[in-house]
Amino acid sequence: MREVELSAGTVEYEDTGGDGPVLVLLHGLAQNGSVWRNVVADLRGDHRCIVPTLPLGGHRRPMRPDADLSMRGLSRLVAEFLERLDLRDVTLVENDWGGAHLLVTERGGERVARLVLTSCEAFDNYPPGLPGRAVWLAAKVPGGLNAMVQPLRLRPLRRLPFAFGWMSKRPVPDEVMDGWLRPLLTRSEVRRDLRKYLRAVDKRDTLEAAGRLRSFNRPALVVWAKEDRVMPPEHGRRLAGLLPQGRLVEMLDSYTLIPEDQPEELARLIRGFVRDAP
């Protein structure tokens, strides 16, 4: 893992290198960049894949205590990340988390040439579904977040609907999810960061973000799980309709974590999209 020092703190990231088209892939809450491991393995031969670990609970390096970790603050953090690495003509890909919507029309958004949205937070679905609301409510109570995550040391509990059971149709490998959860389970500073994010949740952010997509007049692909139980499938159709150059693909046999459930098909779609987009 490489590291870059940003205004909010140190961010770890994977960079496959190479001269191919640049993909920046963003993950969701209580995960890290390894959610993209199978997609990256497919694409790295002809693309430069860059995968930052965002401070959403799966990060090993706590942020500074005064860091703005709201959705808006994290979108600015991603923009700063693009600037610090001097990335241009980027295809920005997001899953689960919805903050990339805000980035594309703010400072740093000019570096994004193409946008890929896969099942993610949007409109009024924030916090999203049963698992999102459960962790959001836990964060409101002193000690609640720690009380909620500690039982997830027991691997069978991770497949409950309020945890990851509705996030992927197939269980995430134990060793991968162990890596996602270890920072939350063992570091109070990481729980502090996630608590800050959750307590800043505001539906106005996702509603405004969706509205801003009307001004993103660049190639855009929306890939949505048709059976999604956390991110409503109609949201994918609405997002594709808002994007001036939007195209929708509904993914079969998958829940929200499309990179886990259908990595080969998602990699195929991303490769074709980048190849054919101007």
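I started at one residue pair: L117 stands opposite V222 in β7. This is a predicted model, so I read every entry below with that in mind.

**Around β6 and β7**

I looked up how the two strands are joined. β6 (residues 112-120) and β7 (residues 220-225) run parallel, with four bridges between them. T118 is another residue I checked here, and it stands opposite V223 in β7.

Next I followed β7 to its other partner. β7 pairs with β8 in the parallel sense over six bridges, and V223 stands opposite V249 in β8. So what sits around V223? T118 faces V223 from one strand, and V249 faces V223 from β8.

How many residues of β7 are buried? I get six of six, so I noted the strand as mostly covered. I then split them by face: A220, V222 and W224 are on one side, L221, V223 and A225 on the other, and all are buried.

**The whole sheet**

I stepped back to get the strand order. It is an open sheet of eight strands, β1-β2-β4-β3-β5-β6-β7-β8, and the pairing is mixed. I found β1 (2-6) and β8 (246-251) at the edges, each pairing on one side only. Ignoring direction, neighbouring strands are turned by 20° against each other on average.

**β3 and its neighbours**

I went to β3 next. Five of its five residues are buried. V22, V24 and L26 lie on one side, with L23 and L25 on the other, and both faces are covered.

β3 pairs with β4 in the parallel sense over three bridges, and I noted C49 in β4 as the bridge partner of L23. I traced the connection too: the chain goes from β3 through helix α1 (residues 37-43) to β4, a right-handed β-α-β crossover.

The other pairing I looked up is with β5, parallel again, over four bridges. There L26 stands opposite E94.

**Helices on the sheet**

Which strands does α2 touch? Helix α2 (residues 71-84) packs on the sheet against β1, β2 (9-15), β3 (22-26), β4 (48-52) and β6, and its direction makes about 115° with that of β1. Helix α11 (residues 263-276) lies across β3, β5 (90-96), β6, β7 and β8, running at about 155° to β6.

**α9 and H235**

Back to the β7 end. I found that β7, α9 and β8 make a right-handed β-α-β unit. H235 is in helix α9 (residues 233-242).

Is H235 buried or exposed? Its relative accessible area is 5%, under the 20% cut-off, so I wrote it down as buried. Leaving out residues up to four places away in sequence, H235 touches A122, F123, D124, N125 and W224. W224 is one of the buried residues of β7.

H235 has company: P233, G236, L239, A240 and L242 in α9 are buried as well. Among the elements covering the buried residues of α9 I listed α3 (100-103), β6, α8 (203-212), β7 and β8.

**α4 against α7**

Last, a helix pair. The axes of α4 (residues 129-140) and α7 (residues 188-199) come within 9 Å and cross at roughly 105°. That angle falls in the 65 to 115 range, so I call the two helices roughly perpendicular.

Who meets whom? V135, W136, A139 and K140 in α4 meet R195, L198 and R199 in α7. By class I have four nonpolar, no polar and three charged residues in the contact.

Key:
Residues numbered from 1 in each chain as written. Predicted model: local features only at pLDDT ≥ 70, side-chain atom pairs only at ≥ 80, totals over all residues. Heavy atoms only, no water. Pairing = 2+ DSSP bridges. Axes fitted to C-alpha atoms, helices over the stretch in contact; angles between N-to-C directions. Contact = heavy atoms within 4.5 Å. Parallel < 35°, antiparallel > 145°, perpendicular 65-115°, else oblique. Nonpolar A, V, L, I, M, F, W, Y, C, P; charged D, E, K, R; others polar. Buried < 20%, exposed > 50% of the residue type's maximum accessible area, 1.4 Å probe, protein only. Right-handed = clockwise from strand over helix to strand, strands pointing away.
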